[in-house]
Amino acid sequence: MKIAIFGGSFDPVHMGHIEVVKKALDFLDINKLIIMPNYLNPLKHKFLAPSETRLKWLKEVFKDFDKVEVSDFEIRQNRPVFTIETVKIFNPNYFIIGSDNLNTLHKWKNIDELKNMVEFVVATRGNIDENLLKKHNINKIIKVNIPISSTEIRNGKFQYLPKKIENEIKEFYG
């Protein structure tokens, strides 16, 4: 079975994340895509929406997607979980990251071992630094045509929200 994991904070989930999932299902030869919200990114110090809220939003947004599973594995650990730990448990073929992670990929725990275990796929909503792609030997890119980030939503730019949970997100961050 071929598996991809799409990891992140999803603080909050937005239409860009949905487009990444749709394109990954079309673009990658996979049987399952696991969305893996983290409890807390090991390179960050806080999140705004609690992990259980982010998990609930993701489950609602992706409940009708074939071949998509939202996992609570990292959240259940109740601590920051390194990607290498998750990869060793789930054994995916691909690991999908946002292009904003390229600048810090060298800081990821056991990154060289991780690169030998999975093929990284980068989701990008704009231009991407080709040198960083070459440096990390990344060849697969998913171009997203939705110009929004979770940071912008947290800062009050309430565009590109999933209709199913739009009001909850506005109420939470508003």
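Two strands pair if DSSP finds at least two bridges between them. With that in hand, here are some close-up views of this predicted model.

**View 1. Strands β5 and β6 lie side by side.** These two strands run parallel and are joined by four bridges. Look for T124, whose bridge partner in β6 is K143.

**View 2. Six strands make up an open sheet.** Following the sheet across, you meet β3, β2, β1, β4, β5 and β6 in that order, with parallel pairing. The edge places belong to β3 and β6 (140-143), each of which has a single partner strand, so one side of each is left without a neighbour in the sheet. From one strand to the next, the twist averages 25°.

**View 3. Helix α2 turns one face inward to its buried residues.** This helix covers residues 51-62 and reaches 16 Å from its first C-alpha to its last, close to the 16 Å expected at 1.5 Å a residue. Its buried residues are S51, R54, L55, W57, L58, V61 and F62. Seen down the axis of α2, they fall within an arc of 160°, so they line one face of the helix. Their cover includes α1 (15-27), β2 (32-37), β3 (68-70), α3 (73-76) and α8 (166-173).

**View 4. The largest nonpolar core has 35 residues.** Among its members, V21, L28, L33, I35, F62 and I96 touch the most others. Elements giving two or more residues to this core include β1 (3-8), β4 (94-98) and β5 (119-124). A second, separate core of 22 residues includes M36, I84, I97 and I128.

Definitions and conventions. Residues are numbered from 1 along each chain as its sequence is written. This is a predicted model: local features need pLDDT of at least 70, side-chain atom pairs count only at pLDDT 80 or more; totals for chains, interfaces and linings use all residues. Side-chain values use heavy atoms; hydrogens and water are left out. The expected span of a helix is 1.5 Å times one less than its number of residues. Buried means under 20% relative accessible area, exposed over 50%, partly exposed in between (1.4 Å probe, protein chains only). The arc is that of the directions from the helix axis to the C-beta atoms. Contact means heavy atoms within 4.5 Å. A nonpolar core is a set of buried Ala, Val, Leu, Ile, Met, Phe, Trp, Tyr and Cys residues joined through side-chain atoms within 4.5 Å. Axes are lines fitted to C-alpha atoms, for helices over the stretch in contact, and angles run from 0 to 180 degrees between N-to-C directions.
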